[in-house]
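Biologist: Please place the sequence and the model before us. I should then like to put some questions about them.

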Amino acid sequence: MCGIVAYLGRKAAQPILIEGLKRLEYRGYDSAGIALLKNGGICVQKTSGRISALEQILNVPTSGDVLGIGHTRWATHGEPNTVNAHPHTDYTGKIAVVHNGIIENYSTLKTWLKSEGVAFASQTDTEVLSNLIGYLYDHIEASGGCGNQNPFEWAVQQALQKVHGTFGVAIVCSDYPDLLIGAKRGSPLILGVGDGEYVLASDAAAIVEHTTRAIYLADNEMVTVNSDGFYTKTVNNVVIAKDLKEIEFSLEQIELGGYPHHMLKEIFEQPDSLSTCMGGRLDRQWGKIKLGGIADSLRELTQAKHVIFTACGTAFHAGLVGEFLLEHLARIPAETEYASEFRYRNPIIGDGTIVVAISQSGETADTLAAVEQAKERGAKVLGIVNVVGSTIARSTDAGIYLHVGPEIGVASTKAFTAQVAVLSMLAIELGRRRHLSSDDAARYIDELAQIPEKIGAILQQSDHIREIAAANIDKENWLFLGRGFNYPVALEGALKLKEISYIHAEGLPAAEMKHGPIALIADGMPAVFLATTGPQYDKIIGNIEEVRARGGRIIVVATEGNAEIEERADHLITIPEAPELFQPMLSVIPLQLLAYHAAVLRGHDVDKPRNLAKSVTVE
């Protein structure tokens, strides 16, 4: 869960690395550093803290530094301090490495290297990799030589064959001031190919300012770059060919565009992002859904006997909505599993089981591991991801892209509504093919098409929601309660508040409150109820009364025009009328805004909440 960037070209590398790290800082912000090849050596500067702290210590002239690597860290092994910050050099000072991932057998390798007299300075697993490369490079002759192969490249390959775990790495050697090596296993890595310059990064956000052409490395592939070009191999030295692809978003899409935070920008982008997600997929004339990414799999999906959604965090909550949608519209038994649990269980995957993996980044380590387990057991596996060319997108049998553009804010917002929209479209189409009448399918499609405009209306209440947040941010414990399709939204609302405001919050099915959590209710404790129009409305009114009777503070998200509920609410937020099964895309918007405003009012960094990173690429 770190950001890596490297540059080789004709320009000064340092400013390009710093700008790239700023664009990747949402991937980790415990510490940062760069390494530049200058005057026959490697100059490393690094520090704990954010990129701004790194900028303050930089004192290297930028002339002549046309090759360099950089890193912004989310700590796994070793506390976030300057010593543990990347880049890490080897014991000879000739090799420098930046790394995203975890070396699982680092302890064994470290013990062996120490026995060979190799010294270590940090607590990190990455220094084991740099020292292993350095040791192999320093002992080529003792290893029998490297034949006609470049010795630096040979040492990198040998080291990567010995490590277990995940890595996205960029590596340089002072003996080769015109050579950059990158490699990948389980962590993303992209090479941007410009006019006489190359940017290697863990995310296209660091590349698009320089070029829109890129190659996406697959697992156990490496790329070697010099001023004359690049070539790709496996880590076992098998030459492979990679096609250049166009990066699908622009620099403008990752800029703030006048908003104070990426999260607020992405919340307000949802009418447009959802329209783009559904654009060309809703055939309102014929009452059908067009999902090109799974077109060849629709017959198999229609005949499915069992569907398992697997995901983590916000995507898990979207999967819960998908479970309800699929059972309601397509009458297919479904369940939702945390990917982190699914991968270690002995799941029952029989004939006719479809596994659907949901991940914004397409790189979530636990979800990817769940995909691999499902494939090993013979399941058909679909992916619902946002990032084109991501590992999950390439690993699944078929899938559906969200097409909502880059999501920079660590707390996911527009990806959630798009995931629910995609799951809604999938459920409608499978339902139409199984038992839904043409009229019912057409009605659902029409309702779905109206969701973006209705979200726009909810966003106009942002100032009102800010006032509600201001009145309640002194409370350190909140409840979020919903029923039916709004139960997963209650979970998501609680998660958002926890993620960025650091207020403890719990999401529950409203009826479960009486089975224990009601003991938490005390004077003024905020309880957020999703009390929209639906078959369980009367029941949730009873739950509201139970909390009122015990002195809780009632915040209600209700359907417009509901005058009855105003007298029961201390604070009221309204959303437009919509069928219950599509309400999650509307009812979540006030909760996103509530969490955002609470975090800002409490003085927190909304886009970079403590201890979190955007893409969880390590277990």
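Biologist: Is cysteine 2 buried or exposed, and what is its relative accessible area?

Modeller: This is a predicted model, in which local features need pLDDT of at least 70 and side-chain atom pairs count only at pLDDT 80 or more, while totals for chains, interfaces and linings use all residues. Residues are numbered from 1 along each chain as its sequence is written, and side-chain values use heavy atoms, with hydrogens and water left out. Buried means under 20% relative accessible area, exposed over 50% and partly exposed in between, with a 1.4 Å probe and protein chains only. Cysteine 2 is buried, its relative accessible area being 6%.

Biologist: Why is cysteine 2 not bonded to the closest cysteine sulfur, and which cysteine holds that sulfur?

Modeller: A disulfide is a pair of cysteine sulfur atoms within 2.5 Å, and by this rule the count comes to zero disulfides. The sulfur of cysteine 2 lies 18 Å from the closest one, which is too far for a bond; that closest sulfur belongs to cysteine 312.

Biologist: Which cysteine sulfur is nearest to that of cysteine 173?

Modeller: Cysteine 173 counts as buried, at 0% relative accessibility. Cysteine 173 is in no disulfide, and at a distance of 12 Å the nearest cysteine sulfur is that of cysteine 146.

Biologist: How many residues of strand E4 are buried?

Modeller: Strands (E, at least two residues) and helices (H or I, at least four) are DSSP runs, numbered from the N terminus. In a regular strand the side chains alternate between the two faces of the sheet. In E4, Leu67, Ile69, His71 and Arg73 are buried on one side, and Gly68, Gly70 and Thr72 on the other. Strand E4 (residues 67–73) is therefore largely enclosed by the rest of the structure, the buried residues numbering seven of the seven.

Biologist: Which residue of E4 is the bridge partner of alanine 6?

Modeller: Two strands pair if DSSP finds at least two bridges between them. Strand E1 (residues 3–8) runs antiparallel to E4, joined by six bridges. The partner of alanine 6 in E4 is isoleucine 69.

Biologist: Which residue of E4 stands opposite leucine 36?

Modeller: Strand E2 (residues 31–38) also pairs with E4 in the antiparallel sense, over six bridges. Opposite leucine 36 in E4 stands glycine 68.

Biologist: In what order do the five strands of the open sheet lie?

Modeller: The pairing in this sheet is parallel. For example, strand E23 (residues 477–482) and strand E25 (residues 526–531) pair over three bridges. The order is E24-E23-E25-E26-E27.
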